[in-house]
Amino acid sequence: TTMKGASNPPAKQKKERRELPGTTDYLVQRWGYYLVILGTDLVQFVQKLRHPFFDIYFRIWTFLGDKAFYITLVPCFFWLPNADPKLGRLFTLLLTFIIYWGNFIKEVFRLPRPASPPVWRRKVEHDYGMPSIHTMSAFTMTSYLLWTWESQGLISWTGPAPIIGAIWVFQVALSRMYLGVHSPLDLATGLLLGTCFLSLWIQFGDAIDHFLTNDPRVPIVSAVVILLGILLHPRSITTPSYSRAMVMLGLALGLMTGTYLQSNFFWKDGIWIVQSLHRTSRIFCKISSKITHLALHGSITLGIDDSIVFGIRNAQLGLLHLASDPDAHHDIHLWVVHPSRSHSAG
């Protein structure tokens with residue numbers, strides 16, 4: 001009896017450790033768990049600032065590092081006066097790239113967020129901690145905008161813009177610790193990965209845009225890339241990482257397809273091509289809306305994954321967004337209201 005009693009606790013402990021995926025599989029994960037625990041003290045130190053004012057203040061900064069904020073900026077690159085469509089394309093694709101790989105890495109290493117308690121946490125996050133996608137997005141997107149504007153002569157590295165950018169990134173990162181959802185390890189990993197992604201985008205961004213706007217193989221390459229992204233991403237039924245990544249793939253697919261159509265077919269042969277694009281976009285909108293409605297209300301019977309459905313909707317938004325060219329709208333108005341003025345302008 002004594003021998004059985006002595007052997008039971010280790011067996012129970014071994015079973016519990018197997019239920020935590022990856023805790024003993026990789027050296028990186030073991031060290032990651034250790035560093036997350038060590039960083040808890042720093043998170044608690046930051047949370048000594050807790051006050052209702054700071055609760056709201058840092059929630060605002062968290063939103064300013066979220067993908068929803070950056071997506072709201074995308075139309076500005078296309079619709080505002082003196083817009084820069086190339087920057088808008090590369091900005092959007094970089095955002096999808098960051099969020100996809102951020103969620104991918106979360107599922108690979110599966111490192112936890114700071115334990116609560118002792119850390120105060122405003123709400124429960126259902127995905128893993130490392131890396132901090134908010135920190136990675138804030139650093140990469142801000143740095144890419146600063147680099148682009150400096151190369152265009154709009155700002156200077158010796159001016160206030162880099163200081164404002166640094167404060168922006170710092171506040172977003174600090175907000176993630178204040179809200180108790182990330183450890184210093186998550187923030188540092190986000191900055192490191194953001195630096196790598198930024199370097200790659202600065203090096204290859206122009207080549208990617210040139211490919212999307214000039215190469216006839218864009219539809220095939222885009223389809224293959226998106227399909228590989230869907231198949232290779234780790235899947236989990238307990239976290240939303242896969243669904244979030246699929247939404248970004250849908251946005252990327254819509255943007256790449258719209259860019260290819262815009263550059264190679266539309267806005268080149270006159271008003272009728274522009275009008276046909278808008279008709280096609282409206283039809284695509286109706287079809288995808290029907291698919292979304294059916295899938296969300298009968299996903300079990302249809303066998304359609306919700307993330308794929310939202311990806312379809314984002315692809316639709318990407319196409320509609322590129323279809324809404326202000327110059328094309330102006331040309332349509334002139335042609336319909338004053339055909340003679342339209343011809344004379346041409």
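This passage describes two buried residues, several aromatic pairs and one charge over a ring in a predicted model.

Asp55 belongs to helix 3, which covers residues 52–63. Its relative accessible area is 17%. The cut-off for a buried residue is under 20%, so Asp55 counts as buried. Beyond its neighbours within four places in sequence, Asp55 is in contact with three residues: Arg50, Trp120 and Tyr178. Tyr178 is remote from Asp55 in sequence, at 123 residues apart. In space, the C-alpha atoms of Asp55 and Tyr178 are 8.3 Å apart.

Two of the contacts of Asp55, Arg50 and Trp120, are also paired with each other. Arg50 lies over the face of Trp120. The distance from the ring centre is 3.6 Å.

Aromatic pairs number 21 in the structure. One of them joins Tyr57 and Trp61. A pair of aromatic rings is described by the distance of the centres and the angle of the planes. For Tyr57 and Trp61, the centres are 6.4 Å apart and the planes meet at 70 degrees. The arrangement is edge-to-face, because planes over 60 degrees apart are classed that way. Both residues lie in helix 3. They are four residues apart, about one turn of the helix. Their exposure was also computed. Tyr57 has a relative accessibility of 28% and is therefore partly exposed. Trp61, at 14%, is buried.

A further pair is formed by Tyr70 and Phe91. Here the centres are 6.3 Å apart, with 55 degrees between the planes. This pair is tilted. Tyr70 lies in helix 4 (residues 67–73), whereas Phe91 lies in helix 6 (residues 85–109). The pair therefore ties together parts that are 21 residues apart in sequence. Tyr70 and Phe91 are both buried.

Tyr70 is also touched by Ser137. Ser137 is part of helix 7, which runs over residues 133–151. Its relative accessibility is 2%. This value is under the 20% cut-off, so Ser137 is buried. Residues up to four places away in sequence are not counted among its contacts. With these set aside, Ser137 touches Gly65, Tyr70, Ile98, Ile99 and Thr142. Tyr70 thus appears twice in this account: as a partner of Phe91 in the tilted pair, and as a contact of Ser137.

Note on methods
Residues numbered from 1 in each chain as written. Predicted model: local features only at pLDDT ≥ 70, side-chain atom pairs only at ≥ 80, totals over all residues. Heavy atoms only, no water. Helix = DSSP H or I, 4+ residues; strand = E, 2+ residues; numbered from the N terminus. Buried < 20%, exposed > 50% of the residue type's maximum accessible area, 1.4 Å probe, protein only. Contact = heavy atoms within 4.5 Å. Phe/Tyr/Trp six-rings, centres within 6.5 Å; stacked < 30°, edge-to-face > 60°. Lys NZ or Arg CZ within 6 Å of the ring centre and 35° of its normal.
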